[in-house]
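Hi everyone, thanks for coming. I'd like to walk you through one structure today, strand by strand, so please have it up on your screens.

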Amino acid sequence: MMAITVVSRGWTLWMLACFGQYFGQELQFPKLTNGTVGQSVKLTPNNTPPSTQIGIITWHFGINQIMSGPPDEPFIAPDYRGKVNFDKNTLALELYNLILEDSGSYILDVIPTSGSQLRGETTLQVFEKIDYVTLTGPHETLIEGESSANITSEGSGNITSVQWMKDNSPLSSSSRIIFSSDNRSVSISPVERSDTGEYQCTYSNPVSSETAKLTLIINYGPDGVSIEGPDVVDLGVQVSLSCSANSEPSASFSWTFNGSDTGVTTDKYTIDKTDFTGSGEYICTAFNRVTQKRESHRHALLVQEGGEAGLGGGLSAGAIAGIVIGVLLAVGGICGLIVYLTKSNKIPKLSLQSKGHTSGAQRGQDAELNYADISHFQKNSGERVVLGDVNELRTEYAEVRHGSKLRAPPPPYGSQVSNPPPVRRDSQPLLSPQEDGAHV
């Protein structure tokens with residue numbers, strides 16, 4: 001009895017090892033399979049018993065039988081001949097030249113040579129390939145703040161989703177941007193300059209997708225007009241003023257100077273060589289031919305002699321004035337210091353001897369003269385001449401010609417000649433002061 005039980009258990013384990021995955025289980029298929037019109041698709045179960053254990057297979061489409069019989073030679077229904085193919089090893093059913101009507105439920109029944117029947121089911125969804133997607137936009141000129149834009153999409157095929165993009169970023173709805181209920185059109189009102197760009201609409205389904213593109217141009221401006229250039233320039237230099245504006249399309253420009261038209265119609269106004277008549281008010285006017293709007297900007301220019309460029313390579317007027325004032329203060333301080341030191345006798349006076357030598361050097365080109373450096377001298381009239389008074393900033397000299405003798409009475413106050421300069425001796429006799437005269 002025990003031997004029979006052991007044999008029975010061994011047989012059961014062998015059967016489970018070989019067919020356990022099929023007993024009481026369904027054949028496994030993907031829940032959904034997608035196909036494209038005109039193309040083929042293969043429906044394959046994920047788990048199959050060995051072909052040697054399969055007795056009969058049957059494929060159904062809904063309630064309609066596609067094929068039935070042994071895996072080697074199944075019978076194919078007339079409506080499916082030339083349209084399907086069967087793989088006996090994988091039990092896969094392949095369908096050719098799909099049409100939309102092929103969408104539906106497909107069922108596979110397997111009857112093993114022993115055991116219970118197995119069944120598996122999957123759903124096929126056939127889609128038309130999306131094609132001929134286009135975008136249609138406004139034909140009129142769009143002006144910022146005044147126009148509205150409607151963009152409509154069209155295309156063929158089974159469309160399961162519609163996605164809108166602008167410049168490769170998702171386009172979102174707002175108070176100005178409104179999508180239709182089927183998401184196939186969008187309305188923008190009023191348009192703004194930021195709406196300029198490339199719009200993309202993508203139709204898609206599980207088997208295909210296609211994108212259409214459309215570019216919108218929003219005309220605006222001009223605004224933000226500005227002039228770049230110097231405010232102060234020197235005489236005789238070249239100067240340029242450059243005008244710019246925000247505008248679509250690009251603005252045209254015109255210039256006036258002190259209320260008169262200059263005839264310049266470019267964004268740049270150039271003065272080849274400045275003179276004083278160039279000082280005044282320059283006005284640049286930008287004009288948009290589409291929006292028919294214009295805007296102006298004023299710029300004052302001063303032409304001056306010297307100017308900042310001539311006084312320090314870009315120093316401000318305040319800095320230049322500070323330098324000038326500083327120099328004047330320094331000069332005044334030096335002069336005041338000299339006067340103070342002079343009056344306080346802190347600057348030593350030049351000695352008479354030094355002055356004598358200096359005078360002699362200065363007169364070297366004239367007739368040679370010798371000077372007697374003495375403290376006083378008495379004239380013929382008896383009048384005393386004080387020479388080299390230390391209390392006064394003056395020194396008097398007695399001029400003696402060559403060859404003459406200097407005759408002077410003894411100093412009335414006992415002063416002596418101090419460090420007399422050497423007297424040049426030559427053949428010419430010296431003249432006395434009375435003969436030649438003393439030059440004071």
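Let me start with a definition: a residue is buried when its relative accessible area is under 20%, exposed when over 50%, and partly exposed in between, using a 1.4 Å probe and protein chains only. I will also name strands a lot; helices (H or I, at least four residues) and strands (E, at least two) are DSSP runs, numbered from the N terminus. This is a predicted model, so local features need pLDDT of at least 70 and side-chain atom pairs count only at pLDDT 80 or more, while totals for chains, interfaces and linings use all residues. Residues are numbered from 1 along each chain as its sequence is written, and side-chain values use heavy atoms, with hydrogens and water left out.

A word on confidence, then. pLDDT is the predictor's confidence in each residue, from 0 to 100. The protein chain averages 78, and 65% of the residues score at least 70. Two stretches stay under 50: residues 1–24, with 12 contacts beyond four places in sequence, and residues 307–315, with 13 such contacts. A contact here means heavy atoms within 4.5 Å. Where pLDDT is low, the predicted coordinates should not be read in detail.

Now to strand β25, residues 280–288. Seven of its nine residues are buried, so β25 is largely enclosed by the rest of the structure. Which strands does β25 pair with? Pairing means that DSSP finds at least two bridges between two strands. With β22 (residues 252–257), β25 runs antiparallel over six bridges, and Ser252 has Phe287 as its bridge partner. With β26 (residues 293–304), β25 is again antiparallel, through nine bridges, and there Asn288 faces Lys293. β25 and β26 make a hairpin with four residues in between, and Gln292 in that turn has a positive phi of about 60 degrees.

Next, the sheets. One is open, with four strands in the order β10-β12-β16-β15 and antiparallel pairing. β10 (131–136) and β15 (177–179) are its edges, each with a single partner strand, so one side of each has no neighbour in the sheet. On average, neighbouring strands of this sheet are turned by 15 degrees against each other, direction ignored; the axes behind that value are lines fitted to C-alpha atoms, for helices over the stretch in contact, and angles run from 0 to 180 degrees between N-to-C directions. At the β15 end, three bridges hold β15 and β16 (residues 185–188) in an antiparallel pair, with Ile177 bridged to Ile188.

Let's stay with Ile188 for a moment. Is Ile188 buried or exposed? It is buried, at 0% relative accessibility. Its C-alpha lies 8.5 Å from that of Ile151, which is 37 residues away in sequence. Beyond four places in sequence, Ile188 touches several residues, including Arg176, Ile177, Asp195 and Tyr199.

Asp195 sits in the loop between β16 and β17 (197–205), and counts as buried at 4% relative accessibility. The side chains of Asp195 and Arg176 share a polar contact of 2.8 Å. By polar contact I mean a pair of N or O atoms within 3.5 Å; within protein, one must be able to donate a hydrogen and the other to accept it, and residues adjacent in sequence count only if both atoms are side-chain atoms.

A second open sheet has the order β14-β13-β17-β18, antiparallel as well. Its edges are β14 (169–170) and β18, each with a single partner strand, so one side of each is left without a neighbour there. β13 (residues 161–166) and β14 are antiparallel with two bridges, and Lys166 stands opposite Ser169. Over in β18 (residues 208–216) we find Ala212, which is buried at 5% relative accessible area. Ala212 and Leu135 are 77 residues apart in sequence, yet their C-alpha atoms are 6.0 Å apart.

Finally, the cores. A nonpolar core is a set of buried Ala, Val, Leu, Ile, Met, Phe, Trp, Tyr and Cys residues joined through side-chain atoms within 4.5 Å. The largest has 24 residues, and Ile57, Trp59, Ile66 and Tyr106 have the most contacts inside it. β3 gives the largest share of this core, four residues. Apart from it lies another core, of 21 residues, among them Ile130, Val133, Leu142 and Cys201.
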